[in-house]
Amino acid sequence: MVHIRWSKSNMISSLSFKERICAISKDKKSSIILALDPPYGTKNIFDYVIEKIESLSSYSCAIKLNFHVILPLSGNELKKMTKCAHDNDLQVIADLKLNDIFDTNKVVIQHLASMGFDSTILNPFIGKNSLVSITRYAHSLGFGIISLVYMSHPEAVEGYGALIQSQSDHAVETKFLPLYRSFYGNSIIAGVDGVVIGGNRLDIIKECSSKGTPTTNIPIYSPGLITQGGNVKDALASGSNYLIIGRAIIGSNSPVTTIRSIRDSISDRNLYL
Ligand SMILES: O=C(O)c1cc(=O)[nH]c(=O)n1[C@@H]1O[C@H](COP(=O)(O)O)[C@@H](O)[C@H]1O
């Protein structure tokens, strides 16, 4: 089978990040995003990541690089790494959970884009107008924004599940809504490229995936699978579109066998269109 090449050099520049990752995912028949998180103390992180990209790229549509990689490596090494990912038909997501004022977020995105990253995860805690502005700015560079709507760890309920007073409620009676619902609503308004919802939060995935209409529907990116207890098939059945998986694959005895068997076990599922 001939794969479409998605390297930056021949990428159709008019495609957004959302369209690029969707096209790659359909082409490779995989919605797996590899979280390449080498444990602290890993020798030669650059070679480690390059080896994982080259051996696992056929079964994944993107890689996600976290502080595990971004902190210890130089800009030049990161540039070579994103080039290697693009040469292997992978999009590259920076997992910085960005959460700052517009001007600071803008500089971070400029640096990430110049190093070849395709998108970043960002915290919608910055507020609706800031989310709208930073998404518009990122899109002007062909860069994607993935908004963190509900995390996968057990204490996420304390923040993302906390009740806040409804901003738009003019009724006499005070109404409250959970923070994640406001985050999701603001993410739709901003037109982000995706939202992160823990793959072990099936009720929240179902709620958000059913809210979208064909024009507003935002792909759901789900971490928290296998190692953190989430079930891949249940997450997909509930409405997740992309599966962020790290340790269950890269920490296994045979990462290639593991990723292939996960990919094959879900190959009958519809990918996000
Ligand atoms: O934003 C994320 O990617 C993220 C959000 C979240 O709610 N939970 C979560 O685990 N993550 C990240 O997703 C990856 C999950 O890795 P594994 O638990 O090894 O599959 C890690 O890089 C986490 O930092």
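This report walks through the overall make-up of the protein, then one strand, one helix, the ligand's surroundings and a single leucine.

What you're looking at is a predicted model, where local features need pLDDT of at least 70, side-chain atom pairs count only at pLDDT 80 or more, and totals for chains, interfaces and linings use all residues. Residues are numbered from 1 along each chain as its sequence is written.

The secondary structure comes to 12 helices and 10 strands; these are DSSP runs numbered from the N terminus, with helices (H or I) of at least four residues and strands (E) of at least two. Of the 273 residues in the protein, 42% are buried. Here, buried means that 20 or more other C-beta atoms lie within 10 Å of a residue's own, exposed means 12 or fewer, and partly exposed is in between, with C-beta atoms placed from the backbone.

Let's start with β10. Both of its faces are covered: Tyr242 and Ile244 are buried on one side, Leu243 and Ile245 on the other. In a regular strand the side chains alternate between the two faces of the sheet. The table lists the strands that pair with β10 (strands pair if DSSP finds at least two bridges between them).

| Strand | Bridges to β10 | Direction | A bridge pair |
|---|---|---|---|
| β1 (residues 32–35) | 3 bridges | parallel | isoleucine 33 with isoleucine 244 |
| β9 (residues 220–222) | 2 bridges | parallel | tyrosine 221 with tyrosine 242 |

Getting from β9 to β10, the chain passes through helix α10 (residues 232–238), and this β-α-β crossover is right-handed. In other words, with the strands pointing away from the viewer, the path from the first strand over the helix to the second runs clockwise.

β10 also turns up at the ligand: β10 (242–245) and α11 (247–250) each supply at least two residues of the shell around the ligand. In total, 21 residues surround the ligand, and the closest are Met151, Ser152, Pro223, Gly246 and Arg247. Being near takes a C-beta atom, placed from the backbone, within 6 Å.

Now for helix α4 (residues 75–87). Its buried residues are Leu78, Met81, Thr82, Cys84, Ala85 and His86. Among the elements covering them are α2 (45–56) and β3 (91–98). After α4 comes aspartate 89, whose phi is positive, near 55°.

Finally, meet leucine 177, in strand β7 (residues 176–178). Is leucine 177 buried or partly exposed? Leucine 177 counts as partly exposed because it has 15 C-beta neighbours inside 10 Å. Leucine 163 is 14 residues away from leucine 177 in sequence, yet their C-alpha atoms are 5.2 Å apart.

Notes: Two residues are in contact if their C-beta atoms, placed from the backbone, lie within 7 Å.
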